[in-house]
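Biologist: Before we discuss any single residue, could you show me the model and take me through how its features are to be read?

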Amino acid sequence: MFTPSGTFVTQWGSAGSKYGQFNNPAGVAINSTGFVYVTDLYNARVQVFDPSGGFVNEWGDYGQGIGQFRWPEDIAIGTNGNVLVADSFNARVQEFTPSGGYVAFWGDWGKGNGQFIWPENIAADPAGYVYVADSENPRIQKFTRSGLYIAQWGNVGSGEGQFNNPTGIGVDMEGNVYIADTGNDRIQVFAPNGTYLSGWGSEGTGNGQFDLPQSIAVSSNGYIYVADFNNRRIQEFSASGEYVPWGGIKRGKSPGGVS
């Protein structure tokens, strides 16, 4: 855990399969009361912690049945407080109550509307819509909160609105969708209907460059945080894609909308 300016606060966890231990923790989401939900990839489960890192709950095991997982890659909290899990190798999204009670699932293996090859990341916008980065198809799919397919965009390539293994996804308070286009080493931004808005980044080790950006998160005041995987770092940007030196600006007010 870090402050918004990158100062280390605390940590928890160790290698293993007991409560509070992990075997490749992959996705993290925080609900409105500060509880932390983590997808524990190789342990095929979700673990829940209080805001200080104390273990609260866990659910799931390896398999294809209801409430089971095969490679739970990412996790998100819906506007109703329920927990959405991208169950990647099972090619579906599963929904649970905050305490782990099974609610529903949607998706199966394929290239059709509402199907997935590898649903890798998931995010919910303030209006309740759910976006899934279907990385191996490659495209973004949009659903209602209950899993009804609405739309999709993207195909393979390096042009605007195209993707090479899109893995990370985040949504701002206006509903704009930020995608970590991993294979193209860039971030792309879209309106809620999939219209391309902007993008930034290139391959490299400099500020604003990436080497396989894999995850992305958007803060409530509009700042963008990117896990730059092979560079082993987190980079921060304004909503318009301007690189932010950590600790270099005063936060609290959004820097503005996407342009």
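**Reading contacts, burial and backbone**

Modeller: Once neighbours within four places in sequence are set aside, Ser 99 is in contact with Asn 57 and Trp 59. Please keep in mind throughout that this is a predicted model.

Biologist: Where does Ser 99 lie, and is Ser 99 buried or exposed?

Modeller: Ser 99 lies in the loop between E7 and strand E8, the latter covering residues 102-106. Exposed means over 50% relative accessible area, and Ser 99, with a relative accessible area of 55%, is therefore exposed. As for one of its two partners, Ser 99 and Asn 57 are 42 residues apart in sequence, while their C-alpha atoms are 7.4 Å apart in space.

Biologist: Which residues are in contact with the other partner, Trp 59, if neighbours within four places in sequence are left aside?

Modeller: Trp 59, which is found in strand E4 (residues 55-59), is in contact with Tyr 37, Arg 45, Val 46, Val 48, Phe 69, Val 83, Phe 96, Thr 97, Pro 98, Ser 99 and Gly 100. Buried means under 20% relative accessible area, so Trp 59, at 8% relative accessibility, counts as buried. The C-alpha atoms of Trp 59 and Thr 39, which are 20 residues apart along the chain, are separated by 10.0 Å.

Biologist: Arg 45 appears among those contacts of Trp 59; how should I read a charged side chain of this kind, and what does the side chain of Arg 45 reach?

Modeller: Ask where the residue sits, how accessible it is, and what its polar atoms meet. Arg 45 lies in strand E3, residues 45-49, and counts as buried because its relative accessibility is 5%. Its side chain reaches the backbone oxygen of Gln 21 at 2.9 Å, and the side chain of Arg 45 also makes a polar contact with the side chain of Asp 40, at 2.8 Å.

Biologist: What does the side chain of Asp 134 have as a polar partner?

Modeller: A polar atom of the side chain of Asp 134 lies 3.1 Å from the backbone nitrogen of Ile 117. Asp 134 itself is in strand E10, and counts as buried at 0% relative accessibility. Not counting residues up to four places away in sequence, Asp 134 touches Gln 115, Phe 116, Ile 117, Trp 118, Pro 119, Arg 139 and Gln 141.

Biologist: How should I read the backbone itself, and what kind of peptide bond joins Asn 137 and Pro 138?

Modeller: For the backbone we look at the torsion angles, with omega describing the peptide bond. Asn 137 and Pro 138 are joined by a cis peptide bond, with omega about -20°, and Pro 138 lies in the loop between strand E10 (130-134) and strand E11 (139-143).

Biologist: And phi: what is the sign of phi at Ala 91 and at Asp 185?

Modeller: Ala 91 has a positive phi of about 55° although it is not a glycine, and Asp 185, likewise not a glycine, has a positive phi of about 50°. Ala 91 lies in the loop between strand E6 (83-87) and strand E7 (92-96), whereas Asp 185 is placed in the loop between strand E14 (177-181) and strand E15 (186-190). As for accessibility, Ala 91 is buried with a relative accessible area of 1%, and Asp 185 counts as buried at 7%.

Biologist: What does Gly 168 touch, again not counting residues up to four places away in sequence?

Modeller: Gly 168, found in strand E13 (residues 166-171), touches Asn 121, Tyr 178, Ile 179, Ala 180, Gln 214, Ser 215 and Ile 216. Gly 168 is buried, with a relative accessible area of 0%. Gly 168 and Val 156 are twelve residues apart in sequence, and their C-alpha atoms are 16 Å apart in space.

Biologist: Finally, how many helices and strands are there in the protein chain, and how do I read its overall dimensions?

Modeller: There are zero helices and 19 strands in the protein chain. Its radius of gyration is 17 Å, close to the 18 Å that the globule rule gives for 259 residues, so the chain is as compact as a globular protein of that length. Taken along the principal axes, its C-alpha atoms fill a box of roughly 45 × 45 × 30 Å. Buried residues make up 49% of the 259 residues, and the protein chain exposes about 11500 Å², of which carbon and sulfur atoms supply 50%.

Notes
Residues are numbered from 1 along each chain as its sequence is written. This is a predicted model: local features need pLDDT of at least 70, side-chain atom pairs count only at pLDDT 80 or more; totals for chains, interfaces and linings use all residues. Side-chain values use heavy atoms; hydrogens and water are left out. Helices (H or I, at least four residues) and strands (E, at least two) are DSSP runs, numbered from the N terminus. The radius of gyration is taken over C-alpha atoms; the globule rule is 2.2 Å times the number of residues to the power 0.38. Buried means under 20% relative accessible area, exposed over 50%, partly exposed in between (1.4 Å probe, protein chains only). Accessible areas come from the Shrake-Rupley method with a 1.4 Å probe; for residues, only the protein chains shown count as cover. A polar contact is a pair of N or O atoms within 3.5 Å; within protein, one must be able to donate a hydrogen and the other to accept it, and residues adjacent in sequence count only if both atoms are side-chain atoms. Contact means heavy atoms within 4.5 Å.
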